[in-house]
Amino acid sequence: MFPRIDVGGGLDALGMNRAGLIDDLEDTRELQAHATWVHATHTIKGGAQLARLGFDVFRPEYPSGQYVFGTGFTQGPNPAAASTTAGFGFATFLAGCAEGGQDHGDPTFHASQTYFAPYVQDDGS
């Protein structure tokens, strides 16, 4: 994924905003077994259901990093003297001198639940 690049000096940013990549996965795995037994006046039914319900979330803030190019590096004529009117963020970008940013791995979220439901029923008298 293309990284987020913020360039100072009133230029639009390149790349996606925060949390632009969303990967959610929901799944249910299920197993069922049922049986019926008829004997005289009784009809006995029984069985069970076993299910696993899962939910996984991956939503990183900036999956390829964020890089900030401000105006501080290209101020002139004296780069040590700060000025609100000097410097150009795109020139800082072309020089490859990022002033900040972030690149980190975000945690994923995983939750699951197991469901078990047995039953027995007698329809006879």
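A residue counts as exposed when its relative accessible area is over 50%, as buried when that value is under 20%, and as partly exposed in between. Keep those cut-offs in mind for this tour, and remember that the model on your screen is predicted.

**Stop 1: Ala40**

Start by selecting Ala40, which sits in the loop between strand 2 and strand 3. Is Ala40 buried or exposed? Its relative accessible area is 70%, so Ala40 is exposed. Look at the backbone here too: the phi angle of Ala40 is positive, about 55°, although this residue is not a glycine.

**Stop 2: a trio of charged residues**

Next, we turn to charged side chains. Side chains of opposite charge can pair when their charged atoms come close. How many salt bridges does a search of the whole structure find? The search finds 4 salt bridges.

Select Asp27 and Arg29 together. These two form a salt bridge, and their closest N and O atoms are 3.3 Å apart. Now add Arg52 to the selection: Asp27 forms a salt bridge with Arg52 as well, with 3.5 Å between the closest N and O atoms. Because Asp27 lies in strand 2 and Arg52 in strand 3 (residues 42–58), this pair ties together parts that are 25 residues apart in sequence. Through shared partners, the salt bridges join Asp27, Arg29 and Arg52 into one network.

Try showing the surface around the two arginines. Arg29 counts as exposed because its relative accessibility is 58%. Arg52, with a relative accessible area of 28%, is partly exposed.

**Stop 3: a buried pair**

Move to Arg4 and Asp6. A salt bridge links Arg4 with Asp6, and the closest N and O atoms are 3.0 Å apart. Are these two residues, Arg4 and Asp6, buried or exposed? Both Arg4 and Asp6 are buried.

**Stop 4: the cavity**

Now for an empty space. Searching the whole structure for cavities of 30 Å³ or more turns up 1. The largest cavity has a volume of about 60 Å³. To find the spot, select Met1, Phe2, Met16, Tyr62 and Pro63, which are the closest to the cavity's centre among the 12 residues that line it. What classes of residue make up the lining of the largest cavity? Its lining has 6 nonpolar, 4 polar and 2 charged residues.

**Stop 5: a nonpolar patch**

Back to the surface. Select Leu11, Phe88, Phe90 and Leu94, and you will see a nonpolar surface patch of about 380 Å². One of its members, Leu11, lies in the loop between strand 1 (4–7) and strand 2 (23–39). With a relative accessibility of 38%, Leu11 counts as partly exposed.

**Stop 6: Ala95**

Select Ala95, found in helix 1 (residues 89–95). Ala95 is partly exposed, as its relative accessible area is 45%. Then add Asn17 and draw a distance line between the C-alpha atoms: Ala95 and Asn17 are 24 Å apart in space and 78 residues apart in sequence.

**Stop 7: Tyr119**

Finish on strand 6 (residues 109–122), where Tyr119 lies. At 34% relative accessibility, Tyr119 counts as partly exposed. How far apart in space are Tyr119 and Thr108, C-alpha to C-alpha? Draw another distance line and you should get 37 Å, for a pair that is 11 residues apart in sequence.

Methods: Residues numbered from 1 in each chain as written. Predicted model: local features only at pLDDT ≥ 70, side-chain atom pairs only at ≥ 80, totals over all residues. Heavy atoms only, no water. Patch = residues over 30% accessible without salt bridge, like charges linked within 9 Å, V, L, I, M, F, W, Y side chains within 5 Å. Areas by Shrake-Rupley, 256 points an atom, 1.4 Å probe, with all protein chains shown as cover. Salt bridge = Lys/Arg side-chain N within 4 Å of Asp/Glu carboxyl O. Helix = DSSP H or I, 4+ residues; strand = E, 2+ residues; numbered from the N terminus. Buried < 20%, exposed > 50% of the residue type's maximum accessible area, 1.4 Å probe, protein only. 1 Å grid on protein atoms, 1.4 Å probe; cavity = no way out; pocket = protein on both sides within 12 Å on 5 of 7 lines; lining within 4 Å. Points joined across faces, edges and corners; volume = space filled by probe spheres on them. Nonpolar A, V, L, I, M, F, W, Y, C, P; charged D, E, K, R; others polar.
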